[in-house]
Each structure stands twice: as C-alpha cells, then as structure tokens.
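Please take a moment with the sequence and the model shown below before reading on. The briefing afterwards goes through the overall build, the surface charges and the paired side chains in turn.

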Amino acid sequence: MTEPSTSENRPLWKSLDALQRRVLGVLVEKAKTTPEGYPMTVNAIKTGCNQKSNRSPQMDLDGDDVEATLDELRDMGVVVEIQGDGRTSKYRHKAYEWLGVDKTEMAIMTELMLRGEQTVGELRARAARMEPIEGLGELMPIMQGLIKRNLVVSLTPEGRGQIVTHGLYLDHEKPDAASIARMTADAAGAGKTVPPSGSSSIRAELDELKSVVDELVRRVEELEQKTQ
C-alpha cells in the first residue's frame, strides 16, 4: 500500500479524545510495523490499544469501546471499514490525508498519540522504529514543520531535554503552566535534561536502548498473542 506524502494539502484534522487517539495511533503503528496484519479487526485493534509496551497511559478497553471509537473516527473521515475474509469487518486509516503529513511526520505523530509528551531524543528513537531518522539533526527541521502546523506543541524551550507533545488534545486536556512545570522538573529528576557536561551522546544512547527494549517487549507480546 502506497503511503502518500500530502504535506502541502489542506489538512482535515481536528482534536481527538484519548480513545480516538489511541485507536488511530494503533492503526497507523501496526500498518507500519506489522503490515501482514493490516487492515485490522476490532479484536486486533483492542489488543494493540491495551498492550503494555509503548503506551501511555495504560488502557483496558473492551470490544464495545473500540467499536464505538471506530464509528466516531469513521464519521470524521479518518478511518474506513472494509470487508475482510469470512465477512469479518476490518479497518484501515486515512491518517496521511487527514493530517496532511508524509511518512516520517506520520511516525512522529503516531508515537506522540501513543505515548503523549516526551523528550525529543526519546521521540526520535521511538519514531525511528517505523521510519528511518538518522539523528536529531534530521529530526528537528521535521519537528519545526509540524510545530508550524500546530500538529506538534513544544512544552519546554528548545535544547537538551526539550519536551514536546501532539496538538490533537481537546481543550480541557491541554497541558497548563503547572503541568508543564512538573514535566520539566520530572524530566530533570529522571536525568532527561542533559547537563552541560558533554554527556548528550550518553543520553541519546540511553534513549536508543529504551526504545529497543520497548520494541522487544512489543514483539514478545505479539508472539504470545499469536500462540494463544
């Protein structure tokens, strides 16, 4: 399936609630990482929404939750229902057209939908499992383009340990000044804000290792699901 680059098209997107972001994020993630299982059934989407790796917050959705959310996304024009083998309904996304993004931008948006706010270094490592992003030098111009289109929001100043999130939140969900201050303090306490001691490469390597572990856990979960 061709993934079109539509960055110059007029975007159709609007704010999404937490369940809508999770379902859409799962559809895009699985289309990129396990294309043999895409389009997806309701049960497969539910499993992807509830998996323990690469998800924040953790969710425990049932089939009715997923079906209701898919109906909402279908009404918005971001999800399409198709007929699968044995007349089982399957779903695919139209997120490229709906968001007006290309492949790499879509990988960035998907990670933000699945995990919410995170440092730019973490985001690069996680998004690179879906599309190649060689380093922050390649990522930052892409990020700036997404920020200009309000798809990405920078929560802290640019530089080491910068924290970003997506711009798809509903108004009542948007981080306020107090929560942004807590994020900054939490990042500093967890060592996410790299001190000016020349250790930025170490921080990047740690981000890479965390991403690798997340990916291994995800693959183990998928193998366990296939053997059940």
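In which loop does aspartate 60 lie? Aspartate 60 is found in the loop between helix H2 (42–50) and helix H3 (63–76). As this is a predicted model, the statements below describe computed features.

**Overall build**

- The secondary structure of the protein chain consists of nine helices and five strands, and, read from the N terminus, these elements follow the order α-α-α-β-β-α-α-β-α-α-β-β-α-α.
- Of the 228 residues in the protein chain, 45% are buried, while the chain as a whole exposes about 11500 Å², of which carbon and sulfur atoms supply 52%.
- When contacts between residues at least 6 apart in sequence are considered, 63% of them join residues at least 24 apart.

**A charged patch on the surface**

- Asp60, Asp62, Asp64 and Glu67 together form a negative surface patch.
- Aspartate 60, a member of this patch, has a relative accessibility of 72%, and it therefore counts as exposed, since the cut-off for that word is over 50%.

**Salt bridges**

- Side chains of opposite charge can pair when their charged atoms come close.
- The structure holds eleven salt bridges, and three of them are described here in the points that follow.
- In one of them, the side chains of arginine 129 and glutamate 111 meet with a distance of 2.9 Å from N to O.
- This pair links distant parts of the chain, as arginine 129 lies in the loop between helix H6 (120–127) and helix H7 (136–148), whereas glutamate 111 belongs to helix H5 (residues 103–115), 18 residues apart.
- Arginine 129 is partly exposed, with a relative accessible area of 21%, but glutamate 111 is buried, with a relative accessible area of 0%.
- Another salt bridge is formed by the side chains of glutamate 122 and arginine 126, at 4.0 Å from N to O, and both of these residues are buried.
- Because glutamate 122 and arginine 126 are four residues apart in helix H6, about one helical turn separates them.
- Lysine 174 forms a salt bridge with aspartate 171, and the closest N and O atoms of this pair are 3.2 Å apart.
- Lysine 174 counts as partly exposed at 46% relative accessibility, while aspartate 171 is exposed, with a relative accessible area of 63%.
- Elsewhere, salt bridges that share partners join Glu29, Lys30, Arg55, Glu111 and Arg129 into one network.

Technical notes. Residues are numbered from 1 along each chain as its sequence is written. This is a predicted model: local features need pLDDT of at least 70, side-chain atom pairs count only at pLDDT 80 or more; totals for chains, interfaces and linings use all residues. Side-chain values use heavy atoms; hydrogens and water are left out. Helices (H or I, at least four residues) and strands (E, at least two) are DSSP runs, numbered from the N terminus. Buried means under 20% relative accessible area, exposed over 50%, partly exposed in between (1.4 Å probe, protein chains only). Contact means heavy atoms within 4.5 Å. Accessible areas come from the Shrake-Rupley method with a 1.4 Å probe; for residues, only the protein chains shown count as cover. Patches are made of residues with over 30% relative accessible area and no salt bridge: like charges are joined within 9 Å, nonpolar side chains (Val, Leu, Ile, Met, Phe, Trp, Tyr) within 5 Å. Lys and Arg count as positive and Asp and Glu as negative; His and the chain ends are not counted. The place of a charge is taken as NZ of Lys, CZ of Arg, CG of Asp or CD of Glu.
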